[in-house]
There are 2 protein chains.
Amino acid sequence: MSINEIAKHLNVSKSTVSLVINGKAEQGRISQALAERILTYVQEIGYKPNVFAKSLATGRSHTIGLIVENISDSFYGPIALHIEKYLRKIGYHVFYSSTLGSIELGNTIVETMLDKKVEGLIVCPTNQMETSLEAIQKQQIPLVIFDRKAGDMATNYVGTDNYGGSLLAVDHLLENGFQQIGLVTNDSTQSQMIDRLNAYTDKLSQEGFHATILRLDFQADALEKAEQIKVFLRENPQLDALYFTTNYLCIAGLKAIQALNREGSYAIISFDDHELFELLQPAISCVEQPVAQIAQEAINLLFKQKKSPDLPLQQVIIPSKLIKRKSTC
Amino acid sequence: MSINEIAKHLNVSKSTVSLVINGKAEQGRISQALAERILTYVQEIGYKPNVFAKSLATGRSHTIGLIVENISDSFYGPIALHIEKYLRKIGYHVFYSSTLGSIELGNTIVETMLDKKVEGLIVCPTNQMETSLEAIQKQQIPLVIFDRKAGDMATNYVGTDNYGGSLLAVDHLLENGFQQIGLVTNDSTQSQMIDRLNAYTDKLSQEGFHATILRLDFQADALEKAEQIKVFLRENPQLDALYFTTNYLCIAGLKAIQALNREGSYAIISFDDHELFELLQPAISCVEQPVAQIAQEAINLLFKQKKSPDLPLQQVIIPSKLIKRKSTC
DNA sequence: TAAAACTGCAAAACCGGTTTTGCAATTAGC
DNA sequence: GCTAATTGCAAAACCGGTTTTGCAGTTTTA
């Protein structure tokens with residue numbers, strides 16, 4: 001059933017029907033009697049306007065795009081949930097895509113999202129995504145970056161205080177008397193990883209302790225990572241504590257420790273919480289990122305920019321929290 | 001830049017441009033020389049057809065909808081990842097939505113997905129979703145249900161062999177000498193839960209053992225569930241083994257056990273694996289659902305129906321696998 | 001009481017594509 | 001050498017909405 005057929009059936013013009021349906025009867029000077037007749041009929045047949053035609057005429061898609069590294073990850077999943085839940089309430093739909101850290105994929109994903117005419121994008125950028133992101137800004141499409149910065153581009157941004165959170169982790173280990181702290185991170189140049197790493201090296205050099213760092217291949221799978229961690233642990237028998245810069249690295253590390261039968265030999269702390277960390281023996285302390293808050297701030301920024309495109313770009317840094325799970329650590 | 005402007009600039013008609021762009025130059029009897037001239041210009045200016053206009057004209061959205069219970073869950077997340085990854089390759093985009101088990105939400109989500117003109121739907125149904133699902137079928141939109149059945153509706157369906165998988169779990173406990181097996185499930189009437197429960201009660205009654213069942217409020221949060229499990233464990237001190245019908249119930253159960261200081265007192269098995277189950281002490285055995293395979297089968301069924309709408313509806317049951325993680329259990 | 005303003009709606013223009021039809025010019029067929 | 005078929009493209013119709021304009025008929029205003 002189209003608006004044309006409705007108009008024909010009621011012997012009115014389709015412009016009249018359109019105005020009435022969209023609550024613009026008054027502005028279109030349609031009499032109340034006619035408006036009611038139209039509304040009644042529309043209700044009766046359960047008319048739903050064709051979304052393609054509507055979008056074509058209005059230029060609006062009521063859709064936003066969410067680009068994350070991996071939707072099945074325990075950090076991005078809850079963010080995706082929150083975003084969709086909130087946006088649905090205000091009449092938006094969400095396209096999602098996972099870059100899996102691939103530069104190439106990241107760029108094509110941005111391109112196809114733009115082709116789909118999303119009204120806004122919330123993006124966890126891959127490396128070298130700047131050109132694509134600039135294309136978004138050039139098209140005046142609201143954009144919020146989260147989790148890590150996109151090079152040194154000026155964008156709206158939401159993230160946790162990675163440096164500060166990382167300091168909390170290192171301090172916590174030091175306060176509990178651990179001095180041989182190994183850091184396990186990946187080799188990416190992403191800002192959040194750099195920040196976490198820097199806090200560690202700064203603090204250790206400041207205290208006069210030795211920094212022992214393992215940089216894992218970002219693209220390696222979990223098994224390979226665990227293998228490399230095993231080698232690292234064997235080569236550094238002096239370590240009494242391990243700091244993992246993300247939870248999936250920590251999981252790989254725990255598997256490595258288990259494989260070496262060294263359970264309980266290390267004080268362990270991780271950036272990012274995980275559902276089961278509190279159930280492990282001993283439980284794993286961590287620096288927690290407030291996921292719902294990150295998601296909500298991203299939405300806020302996005303709609304702020306939509307409302308006032310000329311507002312200056314904003315950076316929101318959310319403090320992270322230390323969760324202590326053991327007495328010894 | 002619109003197709004009209006291109007046509008004007010090249011002094012040709014827009015129909016010619018459209019035919020050439022869509023590779024129908026031959027069928028439209030456009031000379032190769034003109035076709036090349038058009039293609040060159042189109043490339044030069046980087047023209048992208050307006051997706052709204054294209055969809056309006058063709059009736060196609062190249063979009064499918066994915067409705068799950070919770071996108072951030074460790075079962076649905078990987079399914080969402082796989083579906084999006086695969087569909088992107090063949091030029092489709094994916095809208096997602098989480099029902100969170102709410103009947104009301106489930107129905108409105110289906111409605112808005114239909115309004116968006118998705119070309120297909122992959123749905124993990126809530127209770128009482130039948131009317132909405134029938135609306136989908138009436139509109140001839142390809143539909144695949146997964147994880148659980150939608151009442152006794154005839155639909156395409158993909159799921160694991162819940163009864164068989166559940167038998168594997170119970171058998172495994174029995175084979176290892178445990179005879180006082182408690183079952184922790186939720187109170188939903190969803191088919192997959194019923195199947196898992198039935199395998200348990202059937203097997204126990206067949207072996208002449210007593211069934212001890214806790215049905216948790218489906219909507220309760222994790223903390224409440226853990227509390228109820230604590231009560232259950234206190235009231236049933238005879239239990240030597242626990243079978244949880246999903247991994248999140250198992251997690252709640254582990255927390256309850258920890259709170260009661262009864263670690264190691266039970267043989268534990270769970271339906272659905274979890275990233276960290278293998279790291280726990282003792283590690284948790286489970287019945288694993290092959291997530292990627294479920295996702296791929298759902299896609300296959302969807303596109304089969306798209307291709308041949310009159311094909312009979314299909315049910316694909318994928319065998320589940322027992323993962324043994326301890327010597328004692 | 002004639003010009004001005006307002007009322008209530010239809011008609012038209014527009015959004016940007018796809019697909020069918022039509023028509024002059026050329027080629028083929030006999 | 002005249003008709004029929006084919007070529008190469010333009011023009012028109014269509015998808016289904018929104019928004020602006022136009023135009024009688026009525027009511028106000030001076």
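These legends go with close-up views of a predicted model.

**View 1. The protein surroundings of DNA strand D.** Count up the neighbours of DNA strand D and you get 28 residues, with A:Ile3, A:Ser18, A:Lys24, A:Tyr47 and B:Ser31 as the closest. By residue type, this surface splits into eleven nonpolar, twelve polar and five charged. On the DNA side, take the atoms of strand D within 4 Å of the protein: 51% of them are sugar or phosphate, and the rest belong to bases.

**View 2. Polar side chains that meet DNA strand D.** Zoom in on chain A and you'll find a polar side-chain atom of A:Ser18 sitting 2.3 Å from a phosphate oxygen of DNA strand D. A:Asn22 also points a polar side-chain atom at a phosphate oxygen of strand D, here at 2.9 Å. Over in chain B, B:Arg29 goes for a base instead, with a polar side-chain atom 2.9 Å from a base oxygen of strand D. As for whole elements, helices H2 (14-21) and H4 (51-58) of chain A, along with H2 (14-21) and H4 (51-58) of chain B, each give two or more residues to the surface near this strand. The top contributor is H4(A), with five residues.

**View 3. The two sides of helix H7 (residues 130-138) in chain A.** Tucked away here are the buried residues A:Ser132, A:Leu133 and A:Ile136. Looking down the axis of H7(A), they fall within an arc of 95°, so they line one face of the helix. Helix H6 (103-115), strand E3 (121-123) and strand E4 (143-146) of chain A are among what covers them. Flip to the face turned away from that buried side and you meet the exposed A:Thr131 and A:Lys138. After H7(A) comes A:Gln140, with a positive phi near 65°.

Key
Residues numbered from 1 in each chain as written. Chains lettered and ligands numbered in written order. Predicted model: local features only at pLDDT ≥ 70, side-chain atom pairs only at ≥ 80, totals over all residues. Heavy atoms only, no water. Near = heavy atom within 4 Å. Polar contact = N/O pair within 3.5 Å; in protein donor to acceptor, adjacent residues only side chain to side chain. Helix = DSSP H or I, 4+ residues; strand = E, 2+ residues; numbered from the N terminus. Nonpolar A, V, L, I, M, F, W, Y, C, P; charged D, E, K, R; others polar. Buried < 20%, exposed > 50% of the residue type's maximum accessible area, 1.4 Å probe, protein only. Arc of directions from axis to C-beta. Contact = heavy atoms within 4.5 Å.
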